[in-house]
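Subject: Structure handover

Hi,

Here is the structure I promised to pass on. Could you take a look when you have a moment?

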Amino acid sequence: MTKIRWGLIGASTIARQNMVKAITAQPDAEITAIMSRDHERGQKFAAEFAIPMAFTAVEKMLHDAPIDAVYISTTNELHHGQTLLAAAAKKHVLCEKPLALTVAEATQMVAACRQAGVVFGTNHHLRHAPTHGKIRALIKDGAIGKPLYARVFHSTYLPLNLQTWRISNPDAGAGVILDITVHDIDTLRFVLDDEPVATIARATGGEMTPQHIPDGVMGVWEMKSGLLAQFHSCFTTKYAGTAFEVHGTKGSIIGRNVMSQRSVGEVYLRTETGEELVPTSHDNLYVNLVKLFHQAIRGEQKFAASGADGLRSLAVALAVAESSRTGQRVVIGD
Ligand code: NDP
């Protein structure tokens with residue numbers, strides 16, 4: 001089988017901690033190049049992971065390196081331009097969330113990749129967690145009857161090493177909504193096969209961020225089916241834990257500690273017969289994700305968490321941000 005050759009755009013923490021491992025875990029992958037704006041950082045990253053080529057400009061890497069796909073994990077404001085360049089060079093694109101800072105930019109990215117005939121994926125890792133896959137399957141099998149309410153608790157403490165642009169730079173899309181809430185939206189859409197159509201939200205700022213940048217947000221999504229979903233994402237709590245719950249006419253599913261980058265957490269099903277722990281596997285989320293991305297490149301199936309999914313999660317996140325600013329209910333367009 002021919003190998004899929006990857007170029008990394010961004011010498012980032014997520015690439016270092018999760019994605020290099022996820023790509024090199026595939027039997028049919030190799031990383032041939034890295035791009036960092038900082039020459040020294042790029043060289044160091046390349047040496048650390050035995051990546052043969054390092055560049056300081058995306059255009060040069062796309063032109064000079066043997067690459068089939070790129071993984072973009074730069075700060076958020078750069079995703080748009082870098083995706084357009086990669087699409088123009090006919091490279092498949094796996095891009096970090098949020099796809100961009102505006103719906104118009106993300107729409108352009110989806111269109112450019114479609115036009116170029118390349119696979120465009122969003123790195124929404126949580127839908128690749130065995131726990132969320134199991135919750136989705138239980139709902140589809142009717143284990144809880146008709147779903148009525150969901151609750152997504154993703155209240156964490158942002159590690160010190162990530163308390164940089166994420167908490168301070170509005171031009172890079174700082175704040176919890178584009179960082180964490182965007183994942184919660186995607187997970188909910190995936191698990192329920194349903195769409196948020198309106199939202200009302202309130203945010204806090206000033207605990208970890210400057211006052212005008214949200215470091216916590218709570219709110220409600222109204223889903224197309226009529227279901228109400230409550231959400232809470234934040235950067236500032238050390239002991240809250242995470243959860244994903246769906247409550248239906250015949251039962252409830254409680255996912256504990258399941259909003260994580262690691263494959264951890266437990267799923268419980270409660271019905272009239274009592275509570276049972278539902279067995280789940282513990283595969284690495286990012287390894288699962290890259291495997292599916294390779295299958296999409298090879299035309300074996302569509303990639304779950306497509307560019308269109310990333311566009312949708314961004315649109316909903318921006319509606320949450322607007323509602324938290326204005327105090328008004330915001331309807332989310334198609
Ligand atoms: P980092 O801050 O680690 O990296 C972002 C960029 O900052 C890098 O591309 C790099 O630029 C530059 N940079 C890296 N280290 C330093 C440094 N020491 N000093 C100055 N600049 C530096 O960001 P993250 O890895 O946390 O996030 C990157 C993207 O990934 C974001 O879009 C984020 O939303 C997303 N993300 C997604 C996750 C997921 O699970 N899907 C989890 C975490 C993040 P250069 O490339 O030019 O060297």
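Below is what turned up, starting with the ligand and ending with two backbone details.

First, a caveat: this is a predicted model.

**Where the ligand sits**

The ligand fills the largest pocket. Domain 1 (4–125) and domain 2 (130–286 + 314–331) each supply residues to the shell around the ligand, so the ligand lies between them. Three elements give two or more residues to that shell: α1 (13–24), α7 (165–168) and α8 (176–192).

**What surrounds it**

In total, 24 residues surround the ligand, and the closest are Thr 13, Ser 36, Arg 37, Asn 76 and Tyr 286. By type, the shell splits into 13 polar, 6 charged and 5 nonpolar residues.

For your contact list, there are these polar pairs:

- Trp 165: a polar side-chain atom is 2.8 Å from an oxygen atom of the ligand.
- Arg 166: an N or O atom of the side chain lies 2.9 Å from an oxygen atom of the ligand.
- Asn 123: here a polar backbone atom is the partner, 2.9 Å from a nitrogen atom of the ligand.

How much of the ligand does the protein bury? On its own the ligand exposes 890 Å², and the protein buries 80% of that.

**Two backbone details**

Most peptide bonds are trans, and most residues other than glycine have a negative phi. Two spots go the other way:

- The peptide bond from Lys 97 to Pro 98 is cis, with omega near -20 degrees. Pro 98 belongs to the loop between β5 (92–95) and α5 (103–116).
- Asp 193 has a positive phi, near 55 degrees, and is not a glycine. You'll find Asp 193 in the loop that runs between α8 and β8 (196–205).

Cheers

Methods: Residues numbered from 1 in each chain as written. Predicted model: local features only at pLDDT ≥ 70, side-chain atom pairs only at ≥ 80, totals over all residues. Heavy atoms only, no water. Near = heavy atom within 4 Å. Polar contact = N/O pair within 3.5 Å; in protein donor to acceptor, adjacent residues only side chain to side chain. Areas by Shrake-Rupley, 256 points an atom, 1.4 Å probe, with all protein chains shown as cover. 1 Å grid on protein atoms, 1.4 Å probe; cavity = no way out; pocket = protein on both sides within 12 Å on 5 of 7 lines; lining within 4 Å. Sits in = over half its atoms within 2 Å of the grid points. Helix = DSSP H or I, 4+ residues; strand = E, 2+ residues; numbered from the N terminus. Nonpolar A, V, L, I, M, F, W, Y, C, P; charged D, E, K, R; others polar. Domains from an automatic or database assignment.
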